[in-house]
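New page in the notebook. I want to see how the two chains meet, and then look at chain A by itself.

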Amino acid sequence: MGTLTLFQIIVVGVLGMLFIGVVVAGIRGWSTRREAFLWGTLCFVAAVATLRPNLTTDLAKMLSINRGADLITYVAIIMMMIGFWTTYMRLRHLRRELTSLVRHIAILEAHDASSSDATADHAMSEERA
Amino acid sequence: MIRAAATTEPAEADVVSLPSSVRDSTFVVVPAFNEGPALGAVIREIRTIIPNVVVVNDGSRDDTGSIARRCATYTLTHLINRGQGAAIQTGIDFALLKGAAYIITFDADGQHCVEDIPRLLRPILDGECDIAIGSRFLGEATNLPRTRRLVLQAAVLFTRVVNGVRLTDAHNGLRAFSRRAAEKIHIRQDRMAHASEIIDRIKETGLAFKEVPVRIRYTDYSMAKGQSSRGAFRIVFHYLVGKMVD
């Protein structure tokens, strides 16, 4: 490995800090171990690819892709799509939980016209008037 | 392919008088989102036939809530808007808790006719089916615009291909359920895709269903409140995702 460029120093520095943050989050229980492992691995792979760009080119050639940059693009697109889907599914789950909560409150606080002071019939005559 | 049985009499058939025991054990669920201008009249009309009207105010920002409290038998309030499917399921859950033997779903925009309620209940009362679905194409659709007709017919074709159920009107908000059916069909699609989901549940549960001719009145108000034709694509997306992952 030769002298590091300014770009490599910045990127690896940021990835290093992110890696430490992910590890600490995993240990302290702020995130699940699985999430910490996935993000940690991603940081590590990104740092290796930054420090040794030829590695991605070699890997790309093994997969019959000409350039390392192309391989990174393809992988990024796939990961982005997985990310979108996962986020969509979590959002869907959250929406469903929200609906259950809203429904529960609605039923619990149902307004029954027959038990209120003004009967529905009286109110209906008022409404007509 | 499941084919819906359909009543053959025209929509103008005489209104069947309902025994009081049936009237008292029937609950009409009206999901309402910003329906202030039409809701009062709709509730009044329903209550001439069925006393138990459950309005689910789905997070409206207008006076829907206060009108419902004044006119409806029961008013349930979704603190935030959750969609028509969610509101219908809330109403059904509540009606079941109140001991409903029959449940009707009825739109709040005034497009349905109360005279159709006894027609929908009749095949259930006669033991012919557990679910009666209104069909504007067997009945009458007044002032139905051409684009809306095309979208609805596309929905019918979609239901036929994807669900394998042969219906003439796949997205009619006027339906009747026996208690047994209401307990089995749990709507998970919070928004407009619930209509297709109900057809799915009918197929899954094997409940007997029947299409009944009903009349739909298209007014400027109901057209403005209704789904846009573009919204149909969103419904299809939500429905297909739900079908894949639920």
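I started with polar contacts between chain B and chain A and found 7 residue pairs, both partners at pLDDT 80 or more. That cut-off matters here, as I'm working with a predicted model. Next I looked for salt bridges between chain B and chain A, and the count is 0.

Which elements of chain B supply at least two residues each to the side that touches chain A? I noted α2 (36-47), α3 (64-71), β5 (74-78), α4 (84-97) and α10 (231-245). I then sorted the residues on that side of chain B by type: 14 are nonpolar, 10 polar and 10 charged.

How many residues does each chain bring to the contact? Chain B puts in 34 and chain A puts in 24.

On to area. An interface's size is often given as the accessible area lost when the parts come together. For chain B and chain A I have about 2,500 Å² buried, with 59% of it from carbon and sulfur atoms. On the chain B side, Arg44(B), Arg70(B) and Arg82(B) lose the most area to chain A, and together they make up 23% of what that side buries.

Now chain A alone. I counted 5 helices and 1 strand, and from the N terminus they run α-α-α-α-β-α. Chain A has 129 residues, and 21% of them count as buried. Its accessible surface is about 9,700 Å², and carbon and sulfur atoms hold 69% of that.

Last entry: I took the contacts in chain A between residues at least 6 apart in sequence, and 43% of these join residues at least 24 apart.

Key
Residues are numbered from 1 along each chain as its sequence is written. Chains are lettered from A and ligands numbered from 1 in the order in which they are written. This is a predicted model: local features need pLDDT of at least 70, side-chain atom pairs count only at pLDDT 80 or more; totals for chains, interfaces and linings use all residues. Side-chain values use heavy atoms; hydrogens and water are left out. Helices (H or I, at least four residues) and strands (E, at least two) are DSSP runs, numbered from the N terminus. Buried means under 20% relative accessible area, exposed over 50%, partly exposed in between (1.4 Å probe, protein chains only). Contact means heavy atoms within 4.5 Å. Accessible areas come from the Shrake-Rupley method with a 1.4 Å probe; for residues, only the protein chains shown count as cover. Buried area is the accessible area (1.4 Å probe) that two parts lose on being put together, summed over both. A salt bridge is a side-chain nitrogen of Lys or Arg within 4 Å of a carboxyl oxygen of Asp or Glu. A polar contact is a pair of N or O atoms within 3.5 Å; within protein, one must be able to donate a hydrogen and the other to accept it, and residues adjacent in sequence count only if both atoms are side-chain atoms. Ala, Val, Leu, Ile, Met, Phe, Trp, Tyr, Cys and Pro count as nonpolar, Asp, Glu, Lys and Arg as charged, and the others, Gly among them, as polar.
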